[in-house]
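Reader: I am new to reading protein structures, and I would like to learn how to go from a general idea to a particular case. Could we take the features in turn?

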Amino acid sequence: MRTLGGYVWADSPVHRASAAAKLAGLVAGAVLVLAVRGPVALVVVAAVVCSLAAVSCVGWRRLFAPLWGMRWFLLAILVLNALLFSAEDPWLSLGPLRLTAAGVERGLWIVARTCLVVVLGTLLTATTTPQQVVDGVRDLLRPLARLGVPTETAALAVGVTVQFVPTLLRESRQLMRAQELRCGGVSSRGIMRRAVSYVRLLVPVFVCAVRRADELSRAMEARGYRVVERRGATSERRHS
């Protein structure tokens with residue numbers, strides 16, 4: 001098993017499934033995760049997600065790596081809900097902040113649902129190449145082409161976005177390393193200074209994204225990419 005960007009090379013039923021089916025399954029799974037009520041239903045959904053993850057042969061470490069990167073965000077969601085959601089029967093009161101059982105329960109529900117949706121999204125990107133994602137979006141939107149909807153443009157936008165994410169993540173890591181070399185390790189600072197350091201990264205990351213988009217648009221124009229009509233639907237061609 002080898003990895004290339006976000007995609008994991010493997011031979012599994014999930015890899016062999018069509019991209020359109022996996023995209024539709026992702027949307028349906030996200031809706032189901034948000035709609036379930038009660039711990040039993042959530043456990044059943046989690047068991048189904050874990051079964052798909054096991055069948056995919058992607059590896060648990062690869063699937064749960066994004067959750068580790070989101071740990072502070074998930075912790076913030078849990079803490080904010082635990083302290084601000086309810087004011088009835090508080091376990092602990094500190095000014096306007098009240099730690100309650102209802103708040104903790106709500107925070108755990110949101111964190112659990114977020115984790116399941118993230119794992120489903122990671123499972124999609126790990127078993128589907130960017131080109132397959134574009135083809136899947138095109139297949140799902142094909143009925144709308146009869147109504148004049150520019151489905152090929154939408155598929156192209158999705159494909160470009162999917163391919164941009166690993167590039168932006170790689171450049172973000174490079175910027176963080178450069179910042180650590182100049183100013184010391186970010187993790188060794190206090191919470192406020194750490195937050196300020198991360199905020200300062202937004203501007204150079206945004207500039208890198210704009211530069212990459214401009215370079216891509218110039219490259220596509222130089223190669224003569226354009227959207228043309230073909231058999232009742234739009235398709236992208238390259239004209240030399």
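**Reading burial, contacts and pockets**

Author: Let us begin with a single residue: Cys57 has a relative accessible area of 40%, so this residue counts as partly exposed. Please keep in mind throughout that the model is predicted.

Reader: Where is Cys57 found, and what is the sign of its phi angle?

Author: Cys57 sits in the loop between H3 and helix H4, which spans 60–69. Its phi is near 60 degrees, and that is a positive value in a residue other than glycine.

Reader: How many helices and strands are there in the protein?

Author: The protein has 10 helices and 6 strands. As for the chain as a whole, 27% of its 240 residues count as buried, and the accessible surface comes to about 15,700 Å², with 65% of that surface belonging to carbon and sulfur atoms.

Reader: How should I judge whether a residue is buried, and is Ser56 buried or exposed?

Author: The step needs one cut-off, which is that buried means under 20% relative accessible area. Ser56, whose place is in helix H3, has 0% relative accessibility and therefore counts as buried. Leaving aside neighbours within four places in sequence, Ser56 is in contact with Ala10, Ser12, Val14, His15, Leu123 and Thr127.

Reader: What is the general idea behind a nonpolar core, and which residues of the largest one touch the most other members?

Author: In soluble globular proteins, nonpolar side chains tend to be buried together. Here the largest nonpolar core has 15 residues, and those that touch the most other members are Val45, Val49 and Leu116. Two or more residues of this core come from each of helix H3 (39–56), helix H5 (71–84) and helix H6 (101–127), and H6 gives the most, with 7 residues.

Reader: Which residues does Leu116 touch, and why does Leu116 count as buried?

Author: Leu116, which lies in helix H6, counts as buried because its relative accessible area is 11%. When neighbours within four places in sequence are set aside, Leu116 is in contact with Val33, Leu42, Val45, Ala46 and Val49. Seen from the other side, and not counting residues up to four places away in sequence, Val49 touches Leu116, Val119 and Leu120.

Reader: How can residues that are well separated in the sequence be compared in space?

Author: One can set the separation in sequence beside the distance between C-alpha atoms. Leu116 and Val33 are 83 residues apart in sequence, while their C-alpha atoms are 7.3 Å apart in space. For Thr128 and Arg16 the separation is 112 residues in sequence and 9.0 Å in space, again from C-alpha to C-alpha. Across the protein, among contacts between residues at least 6 apart in sequence, 60% join residues at least 24 apart.

Reader: Where does Thr128 lie, and what is Thr128 in contact with?

Author: Thr128 lies in the loop between H6 and helix H7, the latter spanning 130–145. With a relative accessible area of 3%, Thr128 is buried. Its contacts, leaving aside neighbours within four places in sequence, are Tyr7, Ala19, Lys22 and Val133.

Reader: We have met a cysteine already, so how many disulfides does a search of the whole structure find?

Author: A disulfide is a covalent bond between the sulfur atoms of two cysteines. In this model, a search of the whole structure finds 0 disulfides. The cysteines can still be read for burial: Cys50 counts as partly exposed because its relative accessibility is 36%, whereas Cys115, with a relative accessible area of 18%, is buried.

Reader: What is the volume of the second largest pocket, and which element gives the most to its lining?

Author: The second largest pocket has a volume of about 300 Å³. It is lined by 15 residues, of which Gly25, Leu26, Leu52, Leu120 and Leu123 are the closest to its centre. Helix H2 (19–35), H3 and H6 are the elements that give two or more residues to this lining, and H2 gives the most, with 6 residues.

Conventions: Residues are numbered from 1 along each chain as its sequence is written. This is a predicted model: local features need pLDDT of at least 70, side-chain atom pairs count only at pLDDT 80 or more; totals for chains, interfaces and linings use all residues. Side-chain values use heavy atoms; hydrogens and water are left out. A nonpolar core is a set of buried Ala, Val, Leu, Ile, Met, Phe, Trp, Tyr and Cys residues joined through side-chain atoms within 4.5 Å. Buried means under 20% relative accessible area, exposed over 50%, partly exposed in between (1.4 Å probe, protein chains only). Helices (H or I, at least four residues) and strands (E, at least two) are DSSP runs, numbered from the N terminus. Contact means heavy atoms within 4.5 Å. Accessible areas come from the Shrake-Rupley method with a 1.4 Å probe; for residues, only the protein chains shown count as cover. A disulfide is a pair of cysteine sulfur atoms within 2.5 Å. On a 1 Å grid over the protein atoms alone, a cavity is a set of points where a 1.4 Å probe fits but cannot get out, and a pocket is an open set with protein on both sides within 12 Å along at least five of seven lines; lining residues have an atom within 4 Å of a point. Grid points are joined across faces, edges and corners, and a volume is the space filled by probe spheres set on the points.
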